[in-house]
Amino acid sequence: MPDSTQKLLEDAKVKGQQRLAEGVYYLAVHAPKIAAAARPGQFVDIRILTGAFILRRPVGVVAADRENGIVAFIYRVIGRGTRAMAKLKAGDTVNLLGPLGNGFSMEHKHPLIVGGGMGLSPLFFYAAGMKGKADVLMGGRSEEEVFWRSLFAGIAKNIHITTDDGSVGTKGFVTELLPKLLSEGSYDAVVVCGPDPMMKAVAAIAKEKGTPCQVSLERRMGCGLGACLSCSIDTAHGRRKVCKDGPVFPAEEVFF
Amino acid sequence: MDSTLETTFLGIKMASPVLTASGTFGFGEEFRDFVDLSRLGGIMVKGTTRQPRRGNDGVRITETPMGMLNCIGLENPGVEYFLSDILPRIKDEMNVIVNISGSSVEEYGELAAMLDVPGVAAIELNVSCPNVKEGGIVFGTDPAAASAVVHAAKANTKKPVILKLSPNVTDICLMARAVEEAGADAVSLINTLIGMEIDIERRRPVLGNVTGGLSGPAVKPVALRMVYQVARAVKIPIIGMGGIASTEDALEFLLAGAEVVAVGTANFTDPEVTMKICDGIAAYVRRQKLRSYRELIGKANDGFLRGDLV
Ligand SMILES: Cc1cc2nc3c(=O)[nH]c(=O)nc-3n(C[C@H](O)[C@H](O)[C@H](O)COP(=O)(O)OP(=O)(O)OC[C@H]3O[C@@H](n4cnc5c(N)ncnc54)[C@H](O)[C@@H]3O)c2cc1C
Ligand SMILES: Cc1cc2nc3c(=O)[nH]c(=O)nc-3n(C[C@H](O)[C@H](O)[C@H](O)COP(=O)(O)O)c2cc1C
């Protein structure tokens with residue numbers, strides 16, 4: 001799906017910020033134009049104005065409330081940029097470039113969402129867009145699963161959880177539960193976002209079971225508009241740009 | 001269009017002295033939602049090579065204090081694809097200056113010949129890309145080699161030939177004089193400065209290519225100094241660039257002796273920045289009660305060799 005939406009630049013006032021877990025935040029900003037345009041799987045490039053930043057930071061949209069003009073993100077603090085984001089207070093301004101990228105295909109009847117860590121954020125927007133038709137399989141560290149589970153409750157039909165230490169759900173990786181779910185669940189698609197090794201493993205299992213799989217990739221980006229080639233990757237059809245041709249790709253195009 | 005900004009540079013009619021730097025603005029189209037491309041003096045397209053190149057593996061970009069490092073490694077679809085698929089799409093909308101990179105003197109000549117077609121406004125020779133191992137850097141740091149590249153290009157095209165100078169040299173004026181002598185119609189400067197970053201957790205260089213090119217506001221004082229020096233060393237016109245992110249930055253380069261300027265990294269920070277700079281220069285010109293921005297060129301540089309300009 002080529003990216004054809006008009007891109008916008010919008011100064012956005014921070015409405016509020018909330019700590020969800022250690023180093024994980026929920027950020028809501030007022031950006032009515034981008035809220036109206038954003039589709040699940042798309043992202044925005046945030047220019048942080050409270051500090052000397054040259055590059056914008058790409059972050060997936062977790063929710064877009066058209067009525068109130070609110071765009072929301074869930075992000076983990078990684079380095080300088082996200083540390084500055086975590087200090088944002090209501091009333092501060094950030095500048096958004098977006099919506100960027102192609103987004104998920106929304107045509108499936110009963111998709112299984114598979115996500116790990118912050119990958120669950122764009123998947124939440126997708127699950128909401130699927131209006132109860134999607135199930136979710138989430139995997140990761142223990143404390144975080146608690147808030148992801150409560151977020152997805154009521155949005156996804158069935159929620160399956162794996163954790164590294166077994167403290168919540170099944171012990172192990174998502175790949176522990178996936179084969180059984182795909183065999184028994186009559187899913188017509190797997191939609192996955194998370195660390196590359198996880199996506200690769202999930203895509204391999206989906207392929208084995210004959211279920212089509214979409215993956216959402218993360219790469220460092222410069223312009224966000226397909227101009228600088230910082231996020232260029234090899235695909236089955238030659239070079240593609242994650243920011244413009246992605247971030248969502250059919251799994252067989254990028255893991256081959 | 002604002003007549004105070006209009007200029008003719010190397011015989012090319014330009015709506016403004018604000019261009020975009022190679023590798024930072026794609027083919028212009030990518031910025032269409034934010035930039036009125038007809039207001040730019042021109043776009044210098046991504047470094048184009050004889051064969052397609054996939055560029056470097058691993059991390060290609062990182063942010064540094066007030067700047068960034070890149071090691072894209074000249075990824076591009078190759079000159080043939082550029083001519084057949086890209087140029088027809090963009091040529092009527094903007095002045096297209098094609099930045100080329102060869103792996104030999106002969107290849108520069110071949111590229112220049114292939115690009116001697118309608119729709120190409122000028123050719124910019126990239127002899128200074130620090131990311132290509134095959135020898136880009138050798139052409140950029142050796143006056144004789146750079147001159148040979150200029151000769152090869154000039155012999156194969158009627159288009160104006162611009163040589164892009166590398167800042168990674170001891171004496172940039174020596175290079176500038178050599179390429180002027182060899183027949184270059186203009187020089188552009190600066191390309192990126194070679195730098196690096198280390199990830200202390202992984203204890204490895206961050207960039208896939210280990211080193212990369214530093215650009216952005218961090219390099220501006222160095223770039224400005226080099227433009228100032230080159231403006232006193234050669235009579236051919238200068239395209240000034242390196243860290244320009246505001247109207248004030250652009251004005252400094254013009255006052256140092258650049259006839260037009262190019263904006264690179266700042267397009268990533270603010271995709272509308274070139275339009276703001278056009279507006280800003282026009283406002284400054286009005287405020288100073290000048291007829292044309294051209295009255296500013298070299299005005300802060302006593303030794304400017306083109307003092308008879310305007
Ligand atoms: C399409 C897309 C969607 C994303 N969505 C989310 C999300 O919803 N929630 C979330 O927590 N994170 C998300 N990320 C990752 C997020 O962009 C990085 O964590 C963030 O840029 C780190 O910035 P920093 O300054 O804190 O880290 P630093 O490590 O200091 O950053 C240095 C440079 O590297 C870049 N960088 C570092 N890590 C990444 C990464 N994983 N991906 C891309 N660029 C990186 C930064 O942008 C910056 O330019 C997404 C990335 C992409 C490409
Ligand atoms: C991502 C990126 C890619 C670049 N690619 C090229 C290139 O292909 N050819 C070239 O001559 N210069 C290239 N440059 C250098 C710029 O054209 C410019 O000379 C330099 O970045 C300094 O200007 P700036 O500080 O405004 O970016 C590139 C710079 C960046 C940041």
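Biologist: Which residues of helix 5 (residues 174–184) of chain A are called buried?

Modeller: A:V174, A:L177, A:L178, A:L181 and A:L182 are buried. Buried means under 20% relative accessible area, exposed over 50%, and partly exposed in between, with a 1.4 Å probe and protein chains only. This is a predicted model: local features need pLDDT of at least 70, side-chain atom pairs count only at pLDDT 80 or more, and totals for chains, interfaces and linings use all residues. Residues are numbered from 1 along each chain as its sequence is written, chains are lettered from A and ligands numbered from 1 in written order, and side-chain values use heavy atoms, with hydrogens and water left out.

Biologist: Why do the buried residues of helix 5 of chain A line one face?

Modeller: Seen down the axis, they fall within an arc of 130°, so they line one face of the helix. The arc is taken over directions from the helix axis to the C-beta atoms. On the other side of helix 5 of chain A, A:E176, A:K180, A:S183 and A:E184 are exposed.

Biologist: What do the buried residues of helix 5 of chain A pack against?

Modeller: Their partners are strand 8 (111–116), strand 9 (135–140), strand 10 (159–163), strand 11 (170–171), strand 12 (189–193) and helix 6 (196–209) of chain A. Contact means heavy atoms within 4.5 Å. Helices (H or I, at least four residues) and strands (E, at least two) are DSSP runs, numbered from the N terminus. Helix 5 of chain A is followed by A:S186, with a positive phi near 50°.

Biologist: Which strands of chain B close into a barrel?

Modeller: 8 strands do, in the order 3-4-7-8-9-10-15-16, with parallel pairing. The twist averages 25° from one strand to the next.

Biologist: Why do strand 8 (residues 122–126) and strand 9 (residues 161–164) of chain B count as paired?

Modeller: Two strands pair if DSSP finds at least two bridges between them. Strands 8 and 9 of chain B have 4, in the parallel sense, so they pass. In strand 9 of chain B, B:K164 is the bridge partner of B:N126.

Biologist: Where does helix 7 (residues 247–256) of chain B lie?

Modeller: It lies across strand 15 (238–241) and strand 16 (260–263) of chain B, at about 145° to strand 16. Such angles run from 0 to 180 degrees between N-to-C directions, and axes are lines fitted to C-alpha atoms, for helices over the stretch in contact.

Biologist: What makes the contact of helix 4 with helix 5 of chain B nonpolar by class?

Modeller: It has 7 nonpolar, 1 polar and no charged residues. Ala, Val, Leu, Ile, Met, Phe, Trp, Tyr, Cys and Pro count as nonpolar, Asp, Glu, Lys and Arg as charged, and the others, Gly among them, as polar. Helix 4 (residues 143–156) and helix 5 (residues 172–181) of chain B pack at about 30°, with axes 8 Å apart. B:P143, B:A146, B:S147 and B:V150 of helix 4 meet B:L174, B:M175, B:A178 and B:V179 of helix 5.

Biologist: Is the crossing of helix 4 and helix 5 of chain B left-handed or right-handed?

Modeller: The crossing is right-handed. The near helix is turned clockwise from the far one by less than a right angle; anticlockwise would be left-handed.

Biologist: What is the strand order of the open sheet in chain B?

Modeller: The 4 strands run 5-6-14-11, with antiparallel pairing. Strand 5 (61–64) and strand 11 (193–196) of chain B are the edges, each pairing on one side only. Strand 11 meets strand 14 (residues 211–215) of chain B over 4 bridges. One of the bridge pairs there is B:L193 with B:L214.

Biologist: Why does B:V210 count as partly exposed?

Modeller: Its relative accessibility is 38%, so it falls between the two cut-offs. B:V210 is in the loop between strand 13 (204–205) and strand 14 of chain B. It has a positive phi of about 70° although it is not a glycine.

Biologist: Why does B:K289 count as exposed?

Modeller: At 74% relative accessibility, B:K289 is over the limit, so it counts as exposed. B:K289 lies in the segment after helix 9 (273–287) of chain B, and its phi is positive, about 55°. Most residues other than glycine have a negative phi, and most peptide bonds are trans.

Biologist: Which residues does a cis peptide bond join in chain A?

Modeller: A:G98 and A:P99, with omega about -10°. A:P99 is in strand 7 (residues 93–100) of chain A. In chain B, a cis bond joins B:L189 and B:I190, with omega about 10°.
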